[in-house]
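Work through the following exercises with the sequence and the model side by side, and try each task before reading its solution.

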Amino acid sequence: MATSLSPSTILSSTAAGKSAQVPLTVATKTHISAHPNKHPSPGSAAGLAATALAAATVLAAVPPSLAESPPATYRVYYGTAASAANYGGYGGNASKQDTAEYVYDVPDGWKERLVSKVEKGTNGTDSEFCNPKKRTEKEYLTFLAGFRQLAPKDAVLNNLALSDVELQDLIASADNISSVEKKDEKGQLYYVYEIDGVGAHSLISVTCANNKLYAHFVNAPAPEWNRDQETLRHIHESFKTVGS
């Protein structure tokens, strides 16, 4: 799985009537029967109408698969990064939003994978969501307690890989690994990594807050990355800590 972080909750963020169309074949046949040996001149009213009709025919014939997909929609996940000992929440009527330590967006339709108490205690995975159509297209968060500030970028990435076999394999087969430092509006430092592997792609954001190190991962096989890159970058950029 991943490195180390904790569970939480989620707050969530046509039928159009078909336009009536004149049967193109009927219109064409009507024209032909009226003028069996004559074609309309391109500049005539009949010629312009025929051109528009032909264009409409071509547009109507575009396969549905080539039509633009509707914009992706998201819901916000609130993570509490509770320790394994406190796994299961705070009880009572405590609001997860009020007690959240981090947030990130989840695409509508993605499913949460419940993290076990054992897994939380061993590798620090706090939350995880995946595309049910391709479970290796996913985002997850890990956290580690006892970190006041980030170590050098290379050291952080290597340490994250120690408890994440998938990340180890991705780094080992990577064609390119990039890393940059960014600061949010409050001046909080984030390390941002992008790993382009032979068969997969990964975006990782790491920061320290609340005396913890948080690492947010967005992973996808190459075909899904090429198809969903805009959505995957969006959820990667949506991660941030709160209440610090």
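## Aromatic pairs and cores

In this predicted model, tyrosine 102 and phenylalanine 239 are both buried.

**Exercise 1.** Classify the ring pair formed by tyrosine 102 and phenylalanine 239, and state where in the chain each residue lies.

*Solution.* Begin with the geometry: the ring centres are 6.5 Å apart and the planes meet at 55°. Angles under 30 degrees count as stacked and those over 60 as edge-to-face, so a pair between these limits is tilted, and tilted is the class of this pair. Next, locate the residues: tyrosine 102 belongs to strand β3 (residues 102-107), whereas phenylalanine 239 sits in the loop between α7 (222-238) and β11 (240-241), so that the pair links distant parts of the chain, 137 residues apart.

**Exercise 2.** Do the same for tyrosine 104 and phenylalanine 129, and decide whether they are buried or exposed.

*Solution.* The centre-to-centre distance is 6.3 Å and the angle between the planes is 85°, which makes the pair edge-to-face. Because tyrosine 104 lies in strand β3 and phenylalanine 129 in strand β5 (residues 125-131), the pair ties together parts that are 25 residues apart in sequence. Both tyrosine 104 and phenylalanine 129 are buried.

**Exercise 3.** Place these residues in their wider surroundings.

*Solution.* The four residues belong to one aromatic cluster, which also includes Tyr77, Tyr190 and Tyr214. Turning to the largest nonpolar core, of 20 residues, those with the most contacts inside it are Tyr102, Tyr104, Tyr214, Leu232 and Phe239. Among the elements that each supply at least two residues of this core are β3, β10 (212-221) and α7.

Conventions
Residues numbered from 1 in each chain as written. Predicted model: local features only at pLDDT ≥ 70, side-chain atom pairs only at ≥ 80, totals over all residues. Heavy atoms only, no water. Phe/Tyr/Trp six-rings, centres within 6.5 Å; stacked < 30°, edge-to-face > 60°. Helix = DSSP H or I, 4+ residues; strand = E, 2+ residues; numbered from the N terminus. Buried < 20%, exposed > 50% of the residue type's maximum accessible area, 1.4 Å probe, protein only. Core = buried A, V, L, I, M, F, W, Y, C linked by side-chain atoms within 4.5 Å.
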